Amino acid sequence: EQREENESKLLLNLAMAVWQLCVIESKKDQAFAQLTETNAIAFQLQEACQIYTQENETLQERLKQAMETLQRELQTKEELAKELR
């Protein structure tokens, strides 16, 4: 009787171990899928940041050029005003 009880406990423990392995495998697959999705999102964010940075640099360059043009125009107008005096 003790032997049967021990065998039953052993079988129950084996069954629980197999079940836990299945659960762990399922969780591992879920974690891998989440990791893959997270990596895809990170890549998209990185691309968006690069595009934003490039556009920001372009806008800063345009602003610099506009300011230089404005400065030249102001200087030209000041020179004309001096000549008209």
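Here are three short exercises, with worked solutions, on the predicted model shown above.

**Exercise 1. Overall form**

Work out how many helices and strands the chain has, and what its radius of gyration says about its spread.

*Solution.* Start with the secondary structure: there is 1 helix, with 0 strands. Next, take the radius of gyration, which is 36 Å, whereas the globule rule gives 12 Å for 85 residues; the chain is therefore more spread out than a compact globule. Finally, look at the box filled by the C-alpha atoms, roughly 125 × 15 × 5 Å along the principal axes.

**Exercise 2. Surface and charge**

Find what share of the residues is buried, then describe the exposed area and the charged side chains.

*Solution.* Buried means under 20% relative accessible area, and 0% of the 85 residues count as such. The chain exposes about 8400 Å², with 58% of that coming from carbon and sulfur atoms. Now for the charges: 16 side chains are negative and 10 are positive, and the centres of these two sets are 9 Å apart.

**Exercise 3. Salt bridges**

Locate the salt bridges and say how their partners are spaced along helix α1.

*Solution.* The whole structure yields 3 salt bridges.

- Step one: Arg3 pairs with Glu7 at 3.4 Å, N to O. They sit 4 residues apart in helix α1 (residues 2-84), so about one helical turn separates them. Arg3 is exposed at 64% relative accessibility, while Glu7 is partly exposed at 39%.
- Step two: Lys9 pairs with Glu5 at 3.6 Å, again 4 residues apart in helix α1. Both are partly exposed, Lys9 at 46% and Glu5 at 37%.
- Step three: Glu25 pairs with Lys28 at 3.3 Å. Their spacing in helix α1 is 3 residues, about one turn.

How values were computed:
Residues numbered from 1 in each chain as written. Predicted model: local features only at pLDDT ≥ 70, side-chain atom pairs only at ≥ 80, totals over all residues. Heavy atoms only, no water. Helix = DSSP H or I, 4+ residues; strand = E, 2+ residues; numbered from the N terminus. Rg over C-alpha atoms; globule rule 2.2 N^0.38 Å. Buried < 20%, exposed > 50% of the residue type's maximum accessible area, 1.4 Å probe, protein only. Areas by Shrake-Rupley, 256 points an atom, 1.4 Å probe, with all protein chains shown as cover. Lys, Arg positive; Asp, Glu negative; His and termini not counted. Charge placed at Lys NZ, Arg CZ, Asp CG, Glu CD. Salt bridge = Lys/Arg side-chain N within 4 Å of Asp/Glu carboxyl O.
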